[in-house]
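Student: Hey, can you walk me through this one? I'd like to go slowly and ask as we go.
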Amino acid sequence: LQQKLQPVLWGIGLALSLALMDSWSLLQFLFQDKTNDTTTTPASMLHYDKPAGHLSRHQKEKEYKTERNMYLAGFALTLLFVIGRITDLMQEHVELEDHLETVRLSSKSAVETTSGGEENASEIEMKPLQAKKNE
């Protein structure tokens, strides 16, 4: 399962990383543009309805969408790491179950081969710990 999903997860991870970097660079550009507007606006161009640092509706929408895309890409990338780790744990679980089954079979065959002259494993008397101490 892990080998089948690994190329897909890498592709999705690469696309999400590129989207995150693109959103980050666009957000930096928007913030630079906003700070340049506030520092280069002369006092004579300021109007009472548009104070310094005022962003148009389009600029605010662009900033909001860029931030939203950045958060979504970061969250999806985090989920991708979690999914990758879950597939790793599932693979380890399957391998450990297989190993446990081989250990059980080998121990069962070892008990059967050594039980020729000794007690059978099902005939072993189980006593409480306190009873064994008293004997």
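Student: Okay, is arginine 57 buried or exposed?
Tutor: Arginine 57 counts as exposed, because its relative accessibility is 68%. For the terms, buried means under 20% relative accessible area, exposed means over 50%, and partly exposed is in between (1.4 Å probe, protein chains only). Accessible areas come from the Shrake-Rupley method with a 1.4 Å probe, and for residues only the protein chains shown count as cover.
Tutor: Before we go on, this is a predicted model, where local features need pLDDT of at least 70, side-chain atom pairs count only at pLDDT 80 or more, and totals for chains, interfaces and linings use all residues. Residues are numbered from 1 along each chain as its sequence is written, and side-chain values use heavy atoms, with hydrogens and water left out.
Student: Got it. Which residue does arginine 57 form a salt bridge with?
Tutor: Its partner is glutamate 61, and the closest N and O atoms are 3.3 Å apart. A salt bridge here is a side-chain nitrogen of Lys or Arg within 4 Å of a carboxyl oxygen of Asp or Glu. Both arginine 57 and glutamate 61 lie in helix α2, four residues apart, which is about one turn of the helix.
Student: And how does glutamate 61 count for exposure?
Tutor: Glutamate 61 counts as partly exposed, because its relative accessibility is 37%.
Student: How many salt bridges does the structure hold?
Tutor: Two. Besides the pair we just discussed, arginine 85 forms one with glutamate 92, where the closest N and O atoms are 4.0 Å apart. Arginine 85 is partly exposed, with a relative accessible area of 43%, and glutamate 92 counts as partly exposed too, at 40% relative accessibility.
Student: Let's zoom out. How many helices and strands does the chain have?
Tutor: Three helices and zero strands, so the pattern along the sequence reads α-α-α. Helices (H or I, at least four residues) and strands (E, at least two) are DSSP runs, numbered from the N terminus.
Student: What should the 58 residues of α2 span?
Tutor: At 1.5 Å a residue they should span 86 Å, and the end C-alpha atoms of α2 are 85 Å apart, which agrees. The expected span is 1.5 Å times one less than the number of residues in the helix.
Student: Which residues in α2 are buried?
Tutor: Among them are Met70, Ala73, Leu77 and Leu80. Leucine 77 is buried because its relative accessible area is 13%. Across the chain, buried residues make up 11% of the 135 residues.
Student: How far is leucine 77 from leucine 20?
Tutor: Their C-alpha atoms are separated by 9.0 Å, though the two are 57 residues apart along the chain.
Student: What about aspartate 22 and methionine 70, how far apart are they in space?
Tutor: They are 8.4 Å apart, C-alpha to C-alpha, and 48 residues apart in sequence. Aspartate 22 has its place in helix α1 and is exposed, with a relative accessible area of 51%.
Student: Where is serine 25 found?
Tutor: Serine 25 is found in helix α1. Its C-alpha atom and that of threonine 66 are separated by 9.6 Å, with their positions 41 residues apart along the chain. Serine 25 counts as partly exposed, at 38% relative accessibility.
Student: And arginine 68?
Tutor: Arginine 68 lies in helix α2 and counts as partly exposed at 36% relative accessibility. The C-alpha atoms of arginine 68 and serine 23 are separated by 8.9 Å, and these residues are 45 apart along the chain.
Student: Switching topic: which residues form the nonpolar patch on the surface?
Tutor: Leu14, Leu18 and Met21 do, with about 320 Å² of accessible area together. Patches are made of residues with over 30% relative accessible area and no salt bridge, where like charges are joined within 9 Å and nonpolar side chains (Val, Leu, Ile, Met, Phe, Trp, Tyr) within 5 Å. Methionine 21 sits in helix α1 (residues 2-40) and counts as exposed, at 51% relative accessibility.
Student: Which residues form the negative patch?
Tutor: Glu95, Glu97, Asp98 and Glu101. Lys and Arg count as positive and Asp and Glu as negative, while His and the chain ends are not counted. The place of a charge is taken as NZ of Lys, CZ of Arg, CG of Asp or CD of Glu.
Student: Where is glutamate 101 found?
Tutor: In helix α2 (residues 57-114). Glutamate 101 is partly exposed, with a relative accessible area of 40%.
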